[in-house]
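Got your viewer open? Load the model, pick a plain cartoon view, and keep the selection box handy for the stops below.

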Amino acid sequence: MVLPLPSADRFKFLPCSHSWIALHPQPQGVIQFVGGALWGTFPTLAYRHFLKSLFEAGYTIVALPFRFALNHWSIALDLLDEHYAIRGAIVEAAISKGYEPTAYLDAANYAWVGHSLGCKYVVLLELLSSPCHLLASYFQKVEQDLEQWHQIQQGLVDLANSRRQMEKHIQHLTGQAIVHTQPAIMDEPSLLLAPAITDLNGAIPIKALQRAFSNLLKVYPTVEQTHQLIEHSQLFHLTGLLQFAHDPLAVDTCQRLMQAQPHIRRRLLKGHHLEPMGIKIGQFIMDFNPLDKFIQPLSCRDLEFKAVALLHRLRETSAPSPCRVSDDASSSNPFAA
């Protein structure tokens with residue numbers, strides 16, 4: 001049974017950096033959430049019931065608003081930069097409220113949850129955890145645009161400074177030295193809800209507009225580039241996937257993910273593509289799409305329970321603490337100090 005929180009500590013989002021945080025007084029971890037196109041721009045409203053349920057399960061929630069751009073690598077790098085900014089800000093906010101900040105000092109206590117196209121960004125964050133020489137060899141081997149790789153490489157170098165600043169800030173606040181975390185989200189579990197790895201059609205729902213813009217605008221990485229990187233990756237060991245039975249939009253992505261990485265923990269639930277969305281009104285959940293569930297009794301909903309249970313399973317298999325980066329790794333890894 002979950003005991004009710006004091007009124008001052010109940011679910012409430014506050015602006016933090018470029019995101020929103022709901023600070024839990026006794027967190028067991030931090031969930032960083034990226035929603036889908038359009039509705040993910042307003043995650044604190046569109047996904048309110050889902051995020052509140054995760055908060056009540058004992059997590060501090062970070063809602064990262066969805067940003068539209070054609071270069072998804074740049075968005076993934078921006079999310080990682082925001083992650084470092086948020087880590088320092090959360091520690092500072094917790095101390096200011098008199099909360100114990102220890103849970104925020106371990107990278108293994110952070111998890112990522114994505115929905116729909118937002119899952120692609122979470123997947124790219126996972127791929128950025130690959131050793132740099134493997135990423136570089138992939139781009140060269142399949143003759144991808146090397147300009148993409150040069151931009152990624154420079155972005156990783158720039159992020160090293162963000163990470164160092166975060167570590168120094170936390171050490172100043174807590175008096176505890178922070179060991180160098182693994183690159184990107186290597187120690188951080190991720191949960192993909194109805195993942196849809198798409199190009200323009202994931203951001204432009206009208207097919208006539210898709211055709212009009214397809215020859216003018218290109219998304220990077222493409223669907224095929226993304227799936228090839230996933231297939232050749234040795235990561236995704238802390239990844240879970242929730243697929244919905246009546247969701248044709250995510251079928252292809254789910255099938256390809258499981259073929260490429262069969263150790264991903266998958267659960268099939270009832271529901272549609274927009275199942276994670278909705279606000280609570282009385283004993284019902286209402287979303288914003290009459291073509292989806294529109295309104296649903298709470299008694300018929302098991303998404304939040306299954307999501308929390310799978311996150312707990314993923315965290316049980318994650319590393320107990322962040323790993324130090326050796327001097328040898330520092331010389332070849334742009335994340336190393």
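Which side chain of opposite charge is nearest to D247, and how far away is it? Select D247 and R266 together: R266 is the one, 11 Å away. D247 is buried (under 20% relative accessible area with a 1.4 Å probe, protein chains only; exposed is over 50%, partly exposed in between), yet D247 has no salt bridge. A salt bridge here is a side-chain nitrogen of Lys or Arg within 4 Å of a carboxyl oxygen of Asp or Glu, and in the charge count Lys and Arg are positive, Asp and Glu negative, with His and the chain ends not counted.

A word on what you're looking at: this is a predicted model, where local features need pLDDT of at least 70, side-chain atom pairs count only at pLDDT 80 or more, and totals for chains, interfaces and linings use all residues. Residues are numbered from 1 along each chain as its sequence is written, and side-chain values use heavy atoms, with hydrogens and water left out.

Stay on D247 and show the loop between β7 (239-244) and α9 (251-260), where D247 sits. Helices (H or I, at least four residues) and strands (E, at least two) are DSSP runs numbered from the N terminus. Now add L249: the D247 side chain reaches its backbone nitrogen at 3.1 Å. Next, light up A194, G271, H272 and H273, which D247 touches once residues up to four places away in sequence are set aside; a contact means heavy atoms within 4.5 Å.

Move on to β4, residues 59-64, where six of six residues are buried. Colour Y59, I61 and A63 one way and T60, V62 and L64 another: the two sets point to opposite sides of the strand.

Then bring in the neighbours of β4. Strands pair if DSSP finds at least two bridges between them. β2 (19-22) runs antiparallel to β4 with three bridges, and A22 has I61 as its bridge partner. β3 (29-34) runs parallel to β4 with six bridges; look for V34 opposite L64.

Step back to α2, residues 48-56, and select its buried residues: H49, F50, L51, S53, L54 and F55. After α2 comes G58, with a positive phi near 110°.

Finally, zoom out. The chain has eleven helices and eleven strands, and 54% of its 337 residues are buried. Of the contacts with a separation of 6 or more, 78% involve residues 24 or more positions apart.

How values were computed:
A polar contact is a pair of N or O atoms within 3.5 Å; within protein, one must be able to donate a hydrogen and the other to accept it, and residues adjacent in sequence count only if both atoms are side-chain atoms.
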